[in-house]
Amino acid sequence: MSRTSSTVAPPDYRLLFETAPGPYLILTPDLTIVAVNQAYLTATMTKREEIVGRGLFEVFPDNPDDPAATGVRNLRTSLDRVRERRAPDTMAVQKYDIRRPESAGGGFEERYWSPTNVPVFDAQGKLVYIIHHVEDVTEFVRLKRLDGERHRLTAELRSRAEKMEAEVYARAQEVAETSRLLEQANAELESFSYSVSHDLRAPLRAINGFSLALLEDYGTTLPPDGQALLARVRENTKRMAQLIDDLLVFSRLGRKPLEMGPVDLASLMQSVVEEQRQADPKRAIEVVVHSLPATLGDAGLLRQALSNLIENAFKFTRRQPKARIEVGSRVEGAETVYYVRDNGAGFDMKYATKLFGVFQRLHGESDFEGTGVGLALVQRIVHRHGGRVWAQAAVDQGATFYFTLRAK
């Protein structure tokens, strides 16, 4: 029986050492570098000829700009333990600042290593070498830092969110309390308005009735001046009654719930214009109603707003020989602007801020009748529909009233 034998060449330990995936240094007992593999050279950004034959801490000192650096001191302590105890020593993760070459910009690069130092003895048991091996855990440390920072930020955001939630809740409570007080104040105002109107109506009716009785029973015995004074008393009682009625309408308007639905503004405007024509059939007035897109809103309230605007236009064009009223709309951006334009008395724009105030009048009562509540009602109705209202005018050159509606 024959055997085939082969000679196996011994492994090339230098080649194995040079190509080992982890960084390795070979040190003499006095900590002189005698060998280094490629992985260690790459990790430390050094060249073999620059470090072999030199002392470990001469080649790799601590960062002089970091007074808290402990890498060199801890490594020295570990190597001393290896020499004294003649046993391997594994170190905790250490921070090292690796010096960059000038060609890479200089300075230091922060790295985290887990070093192990292993003694090597000869046949007589004498310490001849120390193998210094490191595991680079820099990315792991950075990820832990990022994770810690993420947790810190999450906790901070959670704390801020809880604080904001508490603030929002507190503000909501304040708003709720303010709304309750406002609702209570509105209810009290409505009750007050009702009481005032009720309490004032009786004496007004008495004044008006007694004045009428005086005129009917004793009018012939009164001088003309006395009759004229009684007539003025009656006119003013009627005016005061109208003011009370208008005030009641204005105060109740804010509490009346909106009855939302589709509104054909063109049809509504034609109806309002026709009513005004019938109220003053002798007037020859040109009224042009252009296209008015439909909208959503409270038909009753919108009819009241349109009626007040048209009534004003009829009233303030009374002295125009060729009175003209124009109603229309135009699109501006995302909203539709409606307008009512007349060529009547107009007004001075410096008083425009008073235009929509309750009982505010820009013309004398002797010139044009009214209580000064109509435009205030228009503004409140438009605001309740989420819109805005404004005007442009000039004295004796007419006025244009604009409004928008944004009811949802």
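What follows is a short chat about a predicted model of a protein.

Reader: Quick overview first. How many helices and strands are in the protein?
Author: The predicted model has ten helices and 13 strands.

Reader: What share of the residues is buried?
Author: Of the 408 residues, 34% are buried.

Reader: And the surface? What area does the protein expose?
Author: About 25300 Å². Carbon and sulfur atoms supply 55% of that area.

Reader: What about contacts between residues at least 6 apart in sequence: what percentage join residues at least 24 apart?
Author: That figure is 58%.

Reader: Pockets next. How much space is in the second largest one?
Author: About 540 Å³.

Reader: Which residues lie nearest its centre?
Author: T44, T46, V59, F60 and R99. The full lining of this second largest pocket has 30 residues.

Reader: Which elements give two or more residues to that lining?
Author: Four helices and two strands appear by name: α2 (38-44), α3 (48-51), α4 (56-59), α5 (71-85), β4 (94-99) and β5 (108-121).

Reader: How does the lining split by class?
Author: The second largest pocket is lined by 15 nonpolar, six polar and nine charged residues.

Reader: Let's go to the C-terminal strands. Which residues of β12 are on the covered face, and which on the uncovered one?
Author: β12 spans residues 389-393. V389, A391 and A393 make up the covered face. W390 and Q392 make up the uncovered face.

Reader: Why the every-other-residue pattern?
Author: Side chains in a regular strand alternate between the two faces of the sheet.

Reader: Is β13 parallel or antiparallel to β12?
Author: Antiparallel, with five bridges joining β12 to β13 (residues 399-404). Across the pair, W390 stands opposite Y402 in β13.

Reader: What sits between those two strands?
Author: Five residues, since β12 and β13 form a hairpin. D396 in the turn has a positive phi of about 65 degrees.

Reader: Y402 again: which residue in β10 has a contact with it?
Author: R330, which is placed in strand β10 (residues 324-332). Beyond its neighbours within four places in sequence, R330 contacts E335, T336, V337, Y339 and Y402.

Reader: Is R330 buried or partly exposed?
Author: Partly exposed, because its relative accessibility is 34%. The cut-off for buried is under 20%.

Reader: How far is R330 from P293?
Author: Their C-alpha atoms are separated by 9.5 Å. Along the chain, R330 and P293 are 37 residues apart.

Reader: Back to phi. What is the value for L31?
Author: Near 70 degrees, so to say positive in a residue other than glycine. L31 lies in the loop between β1 (24-27) and β2 (33-36).

Reader: Is L31 buried or exposed?
Author: L31 counts as buried because its relative accessibility is 6%.

Reader: And R86, what is its phi?
Author: R86 has a positive phi of about 55 degrees, although R86 is not a glycine. R86 is in the loop between α5 and β3 (89-90). At 41% relative accessibility, R86 counts as partly exposed.

Reader: What about T28, where is that?
Author: In the loop between β1 and β2. T28 has a relative accessible area of 16%, so T28 is buried.

Reader: Which residues does T28 touch, neighbours within four places aside?
Author: T28 is in contact with V34 and V128.

Reader: Last one, N37. Where is N37?
Author: In the loop between β2 and α2. N37 counts as buried because its relative accessibility is 0%.

Reader: What does N37 contact, again leaving aside neighbours within four places in sequence?
Author: F17, E18, A20, G22, P23 and Y24.

Reader: How far apart are N37 and Y24?
Author: The C-alpha atoms of N37 and Y24 are separated by 5.7 Å. Along the chain, N37 and Y24 are 13 residues apart.

Conventions: Residues numbered from 1 in each chain as written. Predicted model: local features only at pLDDT ≥ 70, side-chain atom pairs only at ≥ 80, totals over all residues. Heavy atoms only, no water. Buried < 20%, exposed > 50% of the residue type's maximum accessible area, 1.4 Å probe, protein only. Contact = heavy atoms within 4.5 Å. Areas by Shrake-Rupley, 256 points an atom, 1.4 Å probe, with all protein chains shown as cover. 1 Å grid on protein atoms, 1.4 Å probe; cavity = no way out; pocket = protein on both sides within 12 Å on 5 of 7 lines; lining within 4 Å. Points joined across faces, edges and corners; volume = space filled by probe spheres on them. Nonpolar A, V, L, I, M, F, W, Y, C, P; charged D, E, K, R; others polar. Pairing = 2+ DSSP bridges.
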